[in-house]
Each structure stands twice: as structure tokens, then as C-alpha cells.
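The following exercises introduce a protein structure through its secondary structure, its nonpolar cores and its internal space. Each task is followed by a worked solution.

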Amino acid sequence: MVQETIGGKRNITSMLTLDLDAQWKFSKIGASDEEITAVVVPGFDDSLYETVSLPHTWNAENGTCGREGICYRGNGVYRRELILPYEEWGQKVLYLSFEGANTVATIYVNGKKAGRHEGGYSGFRVNITDYIIWGQANVIAVHVDNSETTYIAPIGKEGDFTKFGGIYRDVSLLGVCDVSFNLTENGTDGVFVSSLLSNDDKEGIVKIHASIRNESAKKRQ
């Protein structure tokens, strides 16, 4: 397992970001609950796993599924360690930010389930604040499954394209204040802008909607 320690000047007013694309350990795994449970815990030996960087897909060499093609559609796991100093990150609410993982992703931190996302073509974020152990190696494990489903589009074998499995877009760590824009609002930044033009296109109205999330113990206005 590759470790990464992040240090630096404390900053409690702005958002902190950290690129997590490098130094992941990856392997295809079986679908049983017992195997999945075993590979996401901190003590699991992943020394024989492949070291990969994101974006990554396990269909890179067999990506011609389509309707009739044959490629691997199943389970895989990604693991990495991360050491965060309290001095920099301790006053922040922490989110793992995924720009895309296909098709179902379940995120574990130190063996505990932190979140789950269904759907391979949208970003999502998971709050991991309560699972972090400060100043020690934290194990992040992501179980991804691109098996055929009957409820997540594209359904079954629909579509003449490959449903590439894996974490096929970037991943980062975000640290924000306890009162911030809602970063769990469907993977967005929590700010939405819409416009409406008059019938003659001479006037317009711009609407800005912001979703705010309060993780503090205090009521805010």
C-alpha cells in the first residue's frame, strides 16, 4: 500500500483541494459479500494488486462489448492510503469527490461504509469526515461494479457501446467550512443558474439558486 502524507499551512476559510488520481492499488474481485468485505478493510494485503492511476477502466483491453461483444462486466476494488494532518484539515468538512465511476460505486474508509452511488455517468461526493483518523494512515477503498442491471441505464445489453467499468474519471479530496454550498447536491457545486427571455428576446431574467449545507452545531441564517 502506497502512503501519502499531506501537510501545509492551516486554512479554515477557503476550500482545500487535493488530487487523488495517483497511487491506487487495483484488482478485479468476486461478487460475494465475504470477498468484498475482506478487501476493503485496512489490514488486507494488497501488495500483489496492480498499481494504477486514475482515470482507469478494467475494460481498456477488452472494450468491444456492444450488444454481442464479450468483455468483463463485474466487480473491482481500488485501495489507497492517505495521511491527513489535523493542523491543516482538522477544521474542515471532508468530501471525496468522484467525477465518474461505472456503474455502482461503494466507498469505504477504514473498513466502514461511507457512501454509495448508482449511475455511471454523473459525478458524486461522499462526506468522509467522521471516518478519518488524524495523523495516521487511512485506507480508502472503492468497490465498483459494472454488472448488467435492470434499473440503472443503460439497461442490460441496451446500447451498442461498452459500459466501461472502473473509476474512469478524476477523484479528489475537498475540505470546506462547516457551513458551505451543498457539495452533495447531485455532484454539483450547489449553485444553479437559469435564465428566462421575454417573447421578443429584448428582456431577460437570470435566477440564481444556492443550496447551503450546515454541518455545524449552530443554527445559521
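Helices (H or I, at least four residues) and strands (E, at least two) are DSSP runs, numbered from the N terminus. The model examined here is predicted.

**Exercise 1.** State how many helices and strands the protein chain has, and what share of its residues is buried.

Solution. By the definition above, the protein chain has two helices and 14 strands. Next, a residue is buried when its relative accessible area is under 20%. Of the 221 residues in the protein chain, 43% are buried.

**Exercise 2.** Identify the residues with the most contacts inside the largest nonpolar core, and the strands that each supply at least two residues of this core.

Solution. The largest nonpolar core comprises 30 residues, and Tyr78, Ile107, Ile128, Val142, Ile167 and Leu173 have the most contacts inside it. The strands that each contribute at least two residues to this core include E1 (16-19), E2 (24-29), E4 (75-82) and E10 (171-176); strands E5 (93-98), E6 (104-109), E8 (124-127) and E9 (138-145) do likewise. Separate from this core is a second one of eight residues, among them Ile29, Ile36, Val39 and Ala141. In soluble globular proteins, nonpolar side chains tend to be buried together.

**Exercise 3.** Describe the largest cavity by its volume and its lining.

Solution. The count of cavities of 30 Å³ or more is one. The largest cavity has a volume of about 60 Å³. Its lining includes Arg73, Tyr121, Glu148, Ile152 and Lys163. By class, the lining residues of the largest cavity are four nonpolar, four polar and three charged.

Definitions and conventions: Residues are numbered from 1 along each chain as its sequence is written. This is a predicted model: local features need pLDDT of at least 70, side-chain atom pairs count only at pLDDT 80 or more; totals for chains, interfaces and linings use all residues. Side-chain values use heavy atoms; hydrogens and water are left out. On a 1 Å grid over the protein atoms alone, a cavity is a set of points where a 1.4 Å probe fits but cannot get out, and a pocket is an open set with protein on both sides within 12 Å along at least five of seven lines; lining residues have an atom within 4 Å of a point. Grid points are joined across faces, edges and corners, and a volume is the space filled by probe spheres set on the points. Ala, Val, Leu, Ile, Met, Phe, Trp, Tyr, Cys and Pro count as nonpolar, Asp, Glu, Lys and Arg as charged, and the others, Gly among them, as polar. A nonpolar core is a set of buried Ala, Val, Leu, Ile, Met, Phe, Trp, Tyr and Cys residues joined through side-chain atoms within 4.5 Å. Buried means under 20% relative accessible area, exposed over 50%, partly exposed in between (1.4 Å probe, protein chains only).
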